[in-house]
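User: Please take one part of this model and look at it closely. I want its geometry, its contacts and its surroundings in one connected account.

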Amino acid sequence: MSDSHPRDGDPFRDASIRRTVRIPSALKNSLRQWRPSRDAWGSLRRRQLQHEYERRREYYALKAEERGLSTRESDVVADIRRRIAARGYAPRRRQLGAIHTFACIPTFSWHEHLLPDLRELGPVTHFDYTTLGFGVEELARTDRNGIARRRLMLEQLLPAIRAAHKDRPIDWLFYYGGGQDTSPRIIRQIVNELGIPTVNMSLDDKQGWAGRSNDECRTGAVDITREFDLYITSARVALEWHAVEGGRPIYMPEGFNPATYRPMDPVRDLPVSSTGARSIWEWEESSTRRASRT
C-alpha cells in the first residue's frame, strides 16, 4: 500500500500523510485554552483542509477521466452483479421481513438510528464492538495501543459472523465504518468463506477519506472501498474517489429515523431557542463586543 500517488511528476500526498509536530500534552492543552493560539490554529487548519480537499478532488477527477470510469448508478449496479456472480454466489430472493442482516455498527452518537430500517428487512444480528469494551475513539488511534485494541476487536468479528450464519444463513453484511473499524483482510475472508454481498456506508468522505496508517490500512474509506461489493457515500464528489480506488460507489444523501425525528406538537414555552453550544457562545461574544462599543 502506498500513501502517495504520482501527479504530474510530483507525489500527491493525502491528508493522512500530513506532517505533524509532536507537542507535549500539557503544552497543547495550555495552547487550547489561550484564545489567540486557538484562533490561529483553527485558521491554519481550515486553510490546510481546504487545500487538501481541492488537491484530492482534482487528482481523482483527472484519474477518473483518464481511465474512462463511470459512476452512473446503473453501471455500478451491473458491475456489482458481475462481481458477485464471478465468485459463484447467487443471492436468494427473500420476502420483506425475512432478510437476515449482519450489521457491524458501533453504538456511538446517532449510529443506532441505522438499525430500524435494517430491521424492516428482517432479522438483524448486530455486532456492536462498544458492548465488548472497545471504544470508537480508541480504535481510530494509530498508536501501538490503538492498533493492538483494533486487532483484538477484529479477532472477535469473524467468530460472531460464523455463529450467526450457522444459526440462520446471513443474506448480506452491512458495515458502517472506515479503516479504523475493519480491515481489507477481514472483508476478503468473510467473502471467501460465505460469499455474501458486502456493503459499507460512510457519511464523511470529504473530511475523512484518508487518515493515518494503522497496521493494515489507513483510517477512512480509501483502502477498504475496493473490498466491499457496494460502498454508499453521502458525497457526490467522492464517487470518483471510490471508483479510482477500485470501489463500486452509489450516492445516497443522509437520511433520518422517522420513528424519532418526526413532526411533534410540543408546548411552546420559549420565545427563542438555539441549538448548539458554539452558536450560543458566538452570540454571547458578539453581544459583549456590541455592548463594549456602546
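Analyst: The crossing of helix 6 and helix 7 is right-handed. The model is a predicted one. Helix 6 covers residues 144-167 and helix 7 covers residues 184-194. Their axes lie 11 Å apart and meet at an angle of about 20 degrees. That angle is under 35 degrees, so helix 6 counts as roughly parallel to helix 7.

Now the residues. Helix 6 brings Leu154, Leu157, Leu158, Ile161, Arg162 and His165 to the contact. Helix 7 brings Ile186, Gln189, Ile190, Glu193 and Leu194. By class, the contact has 7 nonpolar, 2 polar and 2 charged residues. The charged ones are Arg162 of helix 6 and Glu193 of helix 7. The polar ones are His165 of helix 6 and Gln189 of helix 7.

Next, burial in helix 7. Pro184, Ile186, Ile187, Ile190, Val191 and Leu194 are buried there. Ile186, Ile190 and Leu194 appear both among the buried residues and in the contact with helix 6. An α-helix has 3.6 residues a turn, so residues three or four places apart point the same way. The buried residues of helix 7 pack against helix 6, and also against strand 5 (172-176) and strand 6 (198-202). After helix 7 comes Gly195, with a positive phi near 75 degrees.

What does strand 6 offer on its side? Thr198 is found in strand 6. Its relative accessible area is 0%, which makes Thr198 buried. Beyond neighbours within four places in sequence, Thr198 is in contact with Leu173, Ile187, Val191, Glu227, Phe228, Asp229 and Leu230. Ile187 and Val191 in that list are buried residues of helix 7. Leu173 belongs to strand 5. Thr198 therefore has a relative accessible area under the 20% cut-off and touches both helix 7 and strand 5.

Set the pair against helix 1 and helix 2. Helix 1 spans residues 25-33 and helix 2 spans residues 35-67. Their axes come within 5 Å and cross at roughly 95 degrees. That makes helix 1 roughly perpendicular to helix 2. Leu31, Arg32 and Gln33 of helix 1 make the contact with Arg35, Ser37 and Arg38 of helix 2. By class, this contact divides into 1 nonpolar, 2 polar and 3 charged residues. Leu31 is the nonpolar one. Arg32, Arg35 and Arg38 are the charged ones.

Helix 2 also holds Gln50. At 40% relative accessibility, Gln50 counts as partly exposed. Gln50 and Gln207 are 157 residues apart in sequence, yet their C-alpha atoms are 9.7 Å apart in space.

The whole chain gives the setting. It has 10 helices and 10 strands. Of its 294 residues, 38% are buried. Among contacts with a separation of 6 or more, 68% join residues 24 or more positions apart.

Loops complete the picture. One runs between strand 10 (249-251) and helix 10 (277-293), and Asn257 lies in it. Asn257 has 7% relative accessibility, so it counts as buried. Its side chain reaches the backbone nitrogen of Ala259 at 3.0 Å. Outside its neighbours within four places in sequence, Asn257 is in contact with His113 and Pro116. Pro116 falls in helix 4 (115-121).

Arg262 sits in the loop between strand 10 and helix 10 too. Arg262 is partly exposed, at a relative accessible area of 46%. The side chain of Arg262 reaches the backbone oxygen of Ala259 at 2.7 Å. Ala259 thus takes two side chains on its backbone: Asn257 at the nitrogen and Arg262 at the oxygen. Pro253 has its place in this loop as well. With 54% relative accessibility, Pro253 counts as exposed. Pro253 and Ile232 are 21 residues apart in sequence and 9.3 Å apart in space, C-alpha to C-alpha.

A second loop lies between strand 3 (101-104) and helix 4, and Ser109 is found there. Ser109 is exposed, with a relative accessible area of 56%. Ser109 is not a glycine, but its phi is positive, about 55 degrees.

How values were computed: Residues are numbered from 1 along each chain as its sequence is written. This is a predicted model: local features need pLDDT of at least 70, side-chain atom pairs count only at pLDDT 80 or more; totals for chains, interfaces and linings use all residues. Side-chain values use heavy atoms; hydrogens and water are left out. Helices (H or I, at least four residues) and strands (E, at least two) are DSSP runs, numbered from the N terminus. Buried means under 20% relative accessible area, exposed over 50%, partly exposed in between (1.4 Å probe, protein chains only). A polar contact is a pair of N or O atoms within 3.5 Å; within protein, one must be able to donate a hydrogen and the other to accept it, and residues adjacent in sequence count only if both atoms are side-chain atoms. Contact means heavy atoms within 4.5 Å. Axes are lines fitted to C-alpha atoms, for helices over the stretch in contact, and angles run from 0 to 180 degrees between N-to-C directions. Angles under 35 degrees count as roughly parallel, over 145 as roughly antiparallel, 65 to 115 as roughly perpendicular and the rest as oblique. A crossing is left-handed if the near helix is turned anticlockwise from the far one by less than a right angle, and right-handed if clockwise.
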